[in-house]
Amino acid sequence: MAQSDTDDLISLIEEDSANAEIPMTLPMLPVRDIVIFSDMVLPLFVGRERSIRAVEEGVAKDGYLMLVTQKDPATENPVAADIYKIGTVSRVLRMLKLPDGRVKALVQGVAKAKIVRYLRKQSFYRVKIEKIEEPPVGEVDLNTQALMRTVRENSEKILSLRGELSGDISAILESIEGPGKLADLAASNLKLKIQESQELLELTDPGKRLKRVNDLLSRELEFSTVQAKIESDVKDEISKSQRDFFLREQVRAIYKELGEQDDKTAEIEEYRKKIKRAKMPKDADKEAIKQLKRFEQMHPDSAEATVSRTYLDWLVELPWHKSSRDNFDISKAKKILEKDHYGLKNVKDRILEHLGVRQLNPRMKGPILCFVGPPGVGKTSLGQSIARALKRKFIRISLGGIRDEAEIRGHRRTYIGALPGRILQSLKQCRSNNPVFMMDEIDKLGSDFRGDPSAALLEALDPEQNAAFSDHFLNIPFDLSRVMFILTANLTDTIPSALLDRMEVISLSGYTEEEKMVIAQKYLIPRQITENGLKTRSVSISSAALQQMIAEYTSEAGLRNLEREIAAICRKVARKIAERKKGPFSVTRGNLHKYLGLPKYGPDMDKEENQVGLSTGLAWTQAGGELLYVEASLIGGKGDLIVTGQLGDIMQESARAAVSYARANLTSWGVKGKDFENTDIHIHVPAGAIPKDGPSAGIAMATALISAFTQKSVRNDVAMTGEITLRGRVLPIGGLKEKALGALRAGIRTVIIPVKNKKDLAEFPRHLQRKIDFVPVKHMSEVLARAIIEPRPKTRSKRSGTKRQ
């Protein structure tokens, strides 16, 4: 029942709520998951702001509320269409404000009513109502009395099955004489759906309502009987399981006497055979037999048996001694690598060297390589090609965003559902202990309260330790020394130094325009033609169009955007063929815009003319090298240095060093008498929304400053990279190849570099060295000699040359 004190309930139900005193306009409270009947008393917990105002308004006026059920309990802010029309006028008997802001209200249903019109919808609902009068009940006939007795008996049976029946409740049921009130009381204690309860509420005829309640009581009685039987069976099952254990042991003894096996014995024998076939190391074999003996003593349906069964399955299915036979034919491996990828000489040489060493020393430990380069240069596909060349199985997992150490080391066997880490899961999946194992996005690992995955990788990626890699789930060593681990990253800055020290880093800088042309013609175009269902003769892309796509529709170190543009062309051609237009279709420089639209990348900023105070630097980014423009301007002020463009601490220090060098050496360039106390120096690096930092923009800043001081223009076809000291020395930098490729993409053919970076040019492709004039410099004066344009001397006219007498 909804109330706590039975005596109070009897008095509330017997009390006559004067319907004549009920106002015709009331605050309306939408309720969820329950339908309120007349004379029903229950507590309501009100949490919605609008509903709380309605309760407070009702209590402040005359204590009455219109309670109406909303159609969907999940609706947080119901409108008129979401609320039933018929509800119950109720009286608030008691109201209590809770500490969490909610309101607890004890309400009693008084009379049925229908919403005629909504008078207010803003802060709370106020409605105009019309009371629903039930037809008067005359003398109760014999059929109605029999029906009322049946309803009372069924109600008592249901409450008895639930364990809620008491003598007081029986007295309440016997004290109610009206069929309508008895129907409402019985319905309020039935677990009905909202729609069924609302249908009962809307039945105005007491006889029909009582008959409908009797039908629902009969159904509920069947459900309650079945539910009570289920609960009884569960209690019996607990004692039955203990009895079954002893019986099962007796059955096992009988099977043993007959020379036969039961299911559990057969399962244990099967595990024994699998353990023998797995050829585990001594420690693992010992642990497997120990766990099998424990499993033999367990009940087969217990939780512990499930954990032991899962553990044994993992032990027998891991590839302890299963491995792929390597391909030691170096020439064949070289052909596969050359066929799959163009260029990348360093990587290919490293793989072929590994094969050569493996021929001489078959027990050599697997290398741990890390491919570092911008997106789209082929790091992942290169791993697949290496696996093909070695005839090994290939596994790839992505480490980006992983924050849980258990993803690497596995979960401990302390709960049901524990599993090994992703390393052992992948080895089990490929059924080989010497695959090519690629871990993508090693630079994007995270860490939180669940541990540090990068620290867990230290053991797996250490050639001196991974021969005995310990997973938390197995808790026994597993040999990873034969696995060839290949990791990929866009940059090494975010990789922990201890982890980076264990890897052999191979840089993939990006591709030149000529390399992109070859790769597109050899790999990308044929692949997209096949993927889009075309034939080679259906479409052709000219070299000029391809060159324009590379220069004006993409700006990247890799090839992803280029392949997307080629795919866009193929899709448009496929559509034309589907529309039955005649081909073949030829894409040329003249009609390329019809397929791809206008060019996306135009000439770089201010590239058309030389300017004073504007120099061109080079920056390294995750996507490759890019131009970095540096602007310098002298304005009236108080001698301050203004640095803008979201520059990091290192670049701001470079700016200060450049300013100090320029001011200390102004006289060398013929600048005299400069009033620095009243002149502000403003250095700006455009694209202020992008953060920038790094120690390679010093000479570009100094060049822009000196240009502003001397009012001499800077060559716009010269880019530079290098750090500056207060004495004007040019210090070496990193990422030279990426920066050079970025300059080449922007059309710059002269690049000033520190002289100590000259050794890096030996690793550059010859065509790159031919296309770019690298100018090694030691001192800032050499930079200015190549970058600053000296003004031509003006020709003196005869008039200007004559002297006045």
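**Exercise 1. A charged surface patch**

Where is Lys-71 found, relative to strand 3 and strand 4? Determine also its exposure class and the patch to which it belongs.

*Solution.* The structure is a predicted model.
Step 1. Strand 3 covers residues 64–69 and strand 4 covers residues 86–97; Lys-71 is found in the loop between them.
Step 2. The relative accessibility of Lys-71 is 44%. Partly exposed residues fall between the limits of 20% and 50%, so Lys-71 is assigned to that class.
Step 3. On the surface, Lys-71 gathers with Lys-85, Lys-114 and Lys-121 in a patch of positive charge.

**Exercise 2. Salt bridges**

Identify the partners, distances and exposure classes for salt bridges that involve Glu-57, Glu-459 and Arg-715.

*Solution.* Side chains of opposite charge can pair when their charged atoms come close. The criterion applied is a nitrogen-to-oxygen separation within 4 Å, and by this rule the count comes to 32 salt bridges.

Step 1. Glu-57 is joined to Lys-61 by a salt bridge, with 2.9 Å from N to O. Both residues belong to helix 2 (residues 49–61), where they are four residues apart, about one turn of the helix. Lys-61 has a relative accessible area of 58% and is therefore exposed.

Step 2. Glu-459 forms its salt bridge with Arg-409, again with an N to O distance of 2.9 Å. Because Glu-459 lies in helix 16 (residues 453–460) and Arg-409 in helix 14 (residues 406–409), the pair ties together parts that are 50 residues apart in sequence. Glu-459, at 14% relative accessibility, is buried. Arg-409 is buried as well, with a relative accessible area of 14%.

Step 3. Arg-715 meets Asp-717 in a salt bridge of 3.1 Å, N to O. Arg-715 counts as partly exposed at 24% relative accessibility, and Asp-717 is partly exposed with a relative accessible area of 34%.

Step 4. Salt bridges that share partners also join Lys-112, Glu-134, Asp-184 and Arg-209 into one network.

**Exercise 3. The surroundings of helix 19**

Which residues of helix 19 are buried, and against which elements do these buried residues pack? Examine Gln-548 as one case.

*Solution.*
Step 1. Helix 19 comprises residues 543–553, and its buried residues are Ala-545, Leu-546, Gln-548, Met-549, Ile-550 and Tyr-553.
Step 2. The helices against which these buried residues pack include helix 18 (513–531), helix 20 (560–578) and helix 21 (592–596). Strand 14 (539–541) and strand 15 (585–587) are also among the packing partners.
Step 3. Gln-548 has its place in helix 19, and a relative accessible area of 11% makes this residue buried.
Step 4. When residues up to four places away in sequence are not counted, Gln-548 touches Tyr-553, Arg-589 and Leu-592.

**Exercise 4. Two buried residues and their separations**

Are Leu-524 and Ala-557 buried or exposed? Give the location of each residue and a C-alpha separation that involves it.

*Solution.*
Step 1. Leu-524 is placed in helix 18. Its relative accessible area is 3%, so Leu-524 is buried.
Step 2. Apart from neighbours within four places in sequence, the contacts of Leu-524 are Ile-519, Leu-559, Leu-562, Glu-563 and Ile-566.
Step 3. Leu-524 and Gly-167 are 357 residues apart along the chain, and their C-alpha atoms are separated by 86 Å.
Step 4. Ala-557 is situated in the loop between helix 19 and helix 20. With a relative accessible area of 1%, Ala-557 is buried.
Step 5. From Ala-557 to Gly-421 the C-alpha to C-alpha distance is 35 Å, for residues 136 apart in sequence.

**Exercise 5. Positive phi values**

What is notable about the phi of Asp-39 and the phi of Lys-391? State where each residue lies.

*Solution.*
Step 1. The reference point is that most residues other than glycine have a negative phi.
Step 2. Asp-39 has a positive phi of about 70 degrees although it is not a glycine. Asp-39 is in the loop between strand 1 (25–31) and strand 2 (41–46), and at 14% relative accessibility Asp-39 is buried.
Step 3. Lys-391, likewise a residue other than glycine, has a positive phi near 60 degrees. The loop that holds Lys-391 runs between helix 13 (379–390) and strand 8 (394–398).

Key. Residues are numbered from 1 along each chain as its sequence is written. This is a predicted model: local features need pLDDT of at least 70, side-chain atom pairs count only at pLDDT 80 or more; totals for chains, interfaces and linings use all residues. Side-chain values use heavy atoms; hydrogens and water are left out. Patches are made of residues with over 30% relative accessible area and no salt bridge: like charges are joined within 9 Å, nonpolar side chains (Val, Leu, Ile, Met, Phe, Trp, Tyr) within 5 Å. Accessible areas come from the Shrake-Rupley method with a 1.4 Å probe; for residues, only the protein chains shown count as cover. A salt bridge is a side-chain nitrogen of Lys or Arg within 4 Å of a carboxyl oxygen of Asp or Glu. Lys and Arg count as positive and Asp and Glu as negative; His and the chain ends are not counted. The place of a charge is taken as NZ of Lys, CZ of Arg, CG of Asp or CD of Glu. Helices (H or I, at least four residues) and strands (E, at least two) are DSSP runs, numbered from the N terminus. Buried means under 20% relative accessible area, exposed over 50%, partly exposed in between (1.4 Å probe, protein chains only). Contact means heavy atoms within 4.5 Å.
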